[in-house]
Amino acid sequence: MPQTWMITGANRGIGLALTMELVRRGDHVVAAARDPWGGALAELAAEHVAAVTPLELDVTSDDSVAAAKAALAGRPIDVLVNNAGLYGPRDRQGALDTDFDAWREVFEVNVYAPLRVAQAFLPNVEAGSGRKIATISSRMGSIGGNPSGSVVYRSSKAAVNMAMVVFGNAVREHNISVLLFHPGWVRTEMGGGGADIAPSESAGGLIATIDASGMAQTNSFRTWQGETIPW
Ligand SMILES: NC(=O)c1ccc[n+]([C@@H]2O[C@H](COP(=O)([O-])OP(=O)(O)OC[C@H]3O[C@@H](n4cnc5c(N)ncnc54)[C@H](OP(=O)(O)O)[C@@H]3O)[C@@H](O)[C@H]2O)c1
């Protein structure tokens with residue numbers, strides 16, 4: 001029985017790789033992106049009209065989220081993946097010299113948006129049978145890892161971990177599992193060409209780990225391969 005997944009930031013990087021892998025195995029994907037009508041996502045959607053539903057969505061905008069929700073018209077979603085993310089500037093991320101405007105922008109995308117999207121599409125997830133909400137966080141958000149540098153990005157991922165765990169406790173009685181993942185160091189625009197793994201490898205691991213997850217794993221923070229990461 002094919003499942004329906006909704007992926008944010010589905011037009012490139014890990015989000016596009018997740019979409020491609022899910023379509024390959026016969027699932028349906030609501031592929032949400034700021035511009036879902038161009039590039040590789042548009043090509044994929046044209047090739048797989050029945051499997052891919054492009055959905056315009058800027059995750060930082062209440063109006064855009066409301067319009068996307070209306071467009072879905074209560075369609076059941078089995079698995080919602082908050083994938084859209086922003087690293088922020090490559091300089092001025094240090095604890096001694098921080099770009100505060102960029103910090104606010106990164107929090108909009110990495111922290112507020114996953115909760116906004118989870119709240120908005122909760123009725124769709126409740127109408128589905130998968131009952132999972134996954135957020136692509138990062139190992140860089142781990143405080144236990146004794147972090148240094150990149151305060152903008154690291155703090156956003158630590159904050160989204162907290163936000164989604166509180167959300168997970170709020171929806172626990174609805175039997176919805178809330179999952180947090182580090183996707184690996186992945187060769188995308190954000191990860192760079194020298195990163196460890198291809199987007200397809202990350203996507204395959206994430207999908208297998210999400211498939212194998214249920215209420216026993218709610219509020220876990222794990223790698224794409226399912227290994228627990230210290231908060
Ligand atoms: N790559 C890595 O090594 C790595 C490691 C750890 C965690 N992660 C996390 O994995 C996730 C995916 O990263 P990636 O490597 O695939 O990054 P990427 O290639 O830079 O892609 C980022 C995606 O987020 C979307 N996005 C940004 N702002 C948005 C907004 N306001 N509304 C909707 N979509 C928005 C982008 O859409 P546009 O094309 O419209 O900009 C794009 O689809 C992120 O949450 C990232 O923090 C990545």
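**Entry 1: charges and overall form**

I began with the charges of the protein: the mean positions of its 18 positive and 23 negative charges are 5 Å apart. I note here that the structure is a predicted model.

I then looked up the overall dimensions. The C-alpha trace spans about 50 × 40 × 35 Å along the principal axes. For 231 residues, a compact globule would have a radius of gyration near 17 Å, and I find 16 Å for the protein, which agrees.

I recorded the surface next. The accessible surface is about 10,400 Å², and 54% of it belongs to carbon and sulfur atoms. Of the 231 residues, 50% count as buried.

**Entry 2: secondary structure and contacts**

I counted 6 helices and 7 strands. Along the sequence they follow the pattern β-α-β-α-β-α-β-α-β-α-β-α-β.

I also looked up how far apart in sequence the contacting residues lie. Taking contacts between residues at least 6 apart in sequence, I find that 67% join residues at least 24 apart.

**Entry 3: aromatic pairs**

I found 5 aromatic pairs in the structure. For Phe100 and Trp103, the ring centres are 5.7 Å apart and the planes stand at 40 degrees, so I list this pair as tilted. Both residues belong to helix H4 (residues 100-127), where they are 3 residues apart, about one turn of the helix. Trp103 has a relative accessibility of 23% and therefore counts as partly exposed.

I turned next to Phe221 and Trp231, whose rings form a stacked pair, 5.3 Å centre to centre with 25 degrees between the planes. Phe221 is in strand S7 (residues 220-223) and Trp231 in the segment after S7, so this pair ties together parts 10 residues apart in sequence. I asked whether each partner is buried or exposed. Phe221 is buried, because its relative accessible area is 2%, under the 20% cut-off. Trp231, with a relative accessible area of 44%, is partly exposed.

I also traced a cluster in which ring pairs link Phe100, Trp103, Phe107 and Tyr112.

**Entry 4: two arginines in loops**

I located Arg139 in the loop between strand S5 (132-136) and helix H5 (151-171). Its relative accessible area is 43%, so I record Arg139 as partly exposed. Which residues does Arg139 contact, leaving aside neighbours within four places in sequence? I find His182, Phe221, Thr223 and Ile229. Phe221 is thus a contact of Arg139 as well as the stacking partner of Trp231. I also looked up the separation of Arg139 from Glu56: the two are 83 residues apart along the chain, and their C-alpha atoms are separated by 29 Å.

Arg90 is in the loop between strand S4 (79-82) and H4. At 58% relative accessibility, Arg90 counts as exposed, because the value is over 50%. Leaving aside neighbours within four places in sequence, I find Arg90 in contact with Glu189 and Met190. Arg90 and Ser150 are 60 residues apart along the chain, with 8.4 Å between their C-alpha atoms.

**Entry 5: positive phi values**

I looked up backbone angles with the usual rule in mind: most residues other than glycine have a negative phi. Asn175, not a glycine, has a positive phi of about 60 degrees. I place Asn175 in the loop between H5 and strand S6 (177-182), and at 47% relative accessibility it counts as partly exposed.

Asn219 likewise has a positive phi, near 65 degrees. I find Asn219 in the loop between helix H6 (199-211) and S7. Its relative accessible area is 12%, so Asn219 is buried.

**Entry 6: Glu227**

I closed with Glu227, which is found in the segment after S7. At 44% relative accessibility, Glu227 counts as partly exposed. Leaving aside neighbours within four places in sequence, I find Glu227 in contact with Phe221 and Arg222. How far is Glu227 from His48 in sequence and in space? The two are 179 residues apart in sequence and 33 Å apart from C-alpha to C-alpha.

Conventions. Residues are numbered from 1 along each chain as its sequence is written. This is a predicted model: local features need pLDDT of at least 70, side-chain atom pairs count only at pLDDT 80 or more; totals for chains, interfaces and linings use all residues. Side-chain values use heavy atoms; hydrogens and water are left out. Helices (H or I, at least four residues) and strands (E, at least two) are DSSP runs, numbered from the N terminus. The radius of gyration is taken over C-alpha atoms; the globule rule is 2.2 Å times the number of residues to the power 0.38. Buried means under 20% relative accessible area, exposed over 50%, partly exposed in between (1.4 Å probe, protein chains only). Contact means heavy atoms within 4.5 Å. Accessible areas come from the Shrake-Rupley method with a 1.4 Å probe; for residues, only the protein chains shown count as cover. Lys and Arg count as positive and Asp and Glu as negative; His and the chain ends are not counted. The place of a charge is taken as NZ of Lys, CZ of Arg, CG of Asp or CD of Glu. Rings of Phe, Tyr and Trp (its six-membered ring) pair if their centres lie within 6.5 Å; planes under 30 degrees apart count as stacked, over 60 as edge-to-face and the rest as tilted.
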